[in-house]
Amino acid sequence: MTLTGEEWVTLALRVLLIGLLYGAIALVVSVGLGELKALASVNTPAPPDEPLRLVEVGGAAGRAGRNWPLEPVTTIGRTSGNTVAIDDPYLSGEHAEIVREAGAWWVRDLGSTNGTLLNGVAVGGRTAIRPGDVVQFGSIRLQLLVGADARG
């Protein structure tokens, strides 16, 4: 049986469509596996009896060492409605948030003007954080520490 020109075009379009579908499935699986690997690589940062704290390591003179306990949802910004409210001109009103989810801590910029950095790298979306990490909001640098480390 010999295929006509129209049948060849139909066959080629079917093969192309199947290739595109398999490519989309592969992309979804790849992204899903990447997210699972990221979750698996994040250790639970602290046992329940050792709360995490943010400790200021940079910013305006005289504020270094100031610290705040993290809540399951902690918002950082210049306005008083935030969990961590810091009056600093480089901080947006609602700058960023740190949340506890799936046994890990995550930081996310809330569309701030000056951005959020994690260990010197810009935060693009929800990013995992661990004790010892330094998060910068505008000109304010805060380090994530486990309870006893934050007191000493």
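**Contacts along the chain**

Among contacts in the protein between residues at least 6 apart in sequence, what percentage join residues at least 24 apart?

*Solution.* Keep in mind that this is a predicted model, where local features need pLDDT of at least 70 and side-chain atom pairs count only at pLDDT 80 or more, while totals for chains, interfaces and linings use all residues. Residues are numbered from 1 along each chain as its sequence is written, and side-chain values use heavy atoms, with hydrogens and water left out. A contact means heavy atoms within 4.5 Å. Take the contacts between residues at least 6 apart in sequence; 40% of these join residues at least 24 apart.

**Elements and surface**

Work out how many helices and strands the protein has, and in what order they come.

*Solution.* Pick out the DSSP runs: helices are H or I with at least four residues, strands are E with at least two, and both are numbered from the N terminus. That gives two helices and 11 strands. Now read them off from the N terminus: α-β-β-β-β-β-β-β-β-β-β-β-α.

Next, find what share of the 152 residues is buried, and how much accessible surface the protein has.

*Solution.* Sort residues by relative accessible area: under 20% is buried, over 50% is exposed and anything in between is partly exposed (1.4 Å probe, protein chains only). Buried residues come to 34% of the 152. For the surface, use the Shrake-Rupley method with a 1.4 Å probe, counting only the protein chains shown as cover for residues. The total is about 9200 Å², and carbon and sulfur atoms account for 59% of that.

**Salt bridges**

Locate the salt bridges and say which elements each of them joins.

*Solution.* Look for a side-chain nitrogen of Lys or Arg within 4 Å of a carboxyl oxygen of Asp or Glu. You should end up with two salt bridges.

- Glu 97 meets Arg 108, with N to O at 2.6 Å. Glu 97 is in strand E5 (residues 96–101) and Arg 108 in strand E6 (residues 104–109), so this pair links distant parts of the chain, 11 residues apart. Check the burial of each partner: Glu 97 is buried because its relative accessibility is 15%, whereas Arg 108 is partly exposed at 36%.
- Arg 126 pairs with Glu 101, the closest N and O atoms lying 2.3 Å apart. Arg 126 is in the loop between strand E8 (121–122) and strand E9 (127–129), and Glu 101 is in E5, so the bridge ties together parts that are 25 residues apart in sequence. Both ends are partly exposed, because Arg 126 has 38% relative accessibility and Glu 101 has 40%.

**The surroundings of Arg 126**

Which ring does the charged end of Arg 126 sit over?

*Solution.* The test asks for NZ of Lys or CZ of Arg within 6 Å of the ring centre and within 35 degrees of the ring normal. Arg 126 passes with Trp 106, whose ring centre is 4.0 Å away. Widen the view to contacts, skipping residues up to four places away in sequence: Arg 126 touches Glu 101, Trp 106, Val 107 and Arg 108. Glu 101 is thus both a contact and the salt-bridge partner. One more distance: the C-alpha atoms of Arg 126 and Val 99 are 9.4 Å apart, with their positions 27 residues apart along the chain.

**A patch on the surface**

Which residues form a nonpolar patch on the surface?

*Solution.* Collect residues with over 30% relative accessible area and no salt bridge; nonpolar side chains (Val, Leu, Ile, Met, Phe, Trp, Tyr) are joined within 5 Å, like charges within 9 Å. The patch is Ile 18, Tyr 22, Ile 25, Val 29, Leu 33 and Leu 36, with about 620 Å² of accessible area together. Take Ile 18 as a sample: this residue lies in helix H1 (residues 5–41) and is partly exposed, because its relative accessible area is 45%.

**An unusual phi**

What is the sign of phi at Asn 119, positive or negative?

*Solution.* Recall that most residues other than glycine have a negative phi. Asn 119 has a phi near 50°, which is positive. Place Asn 119 next: the loop between strand E7 (116–118) and E8. Asn 119 is partly exposed, with a relative accessible area of 45%.
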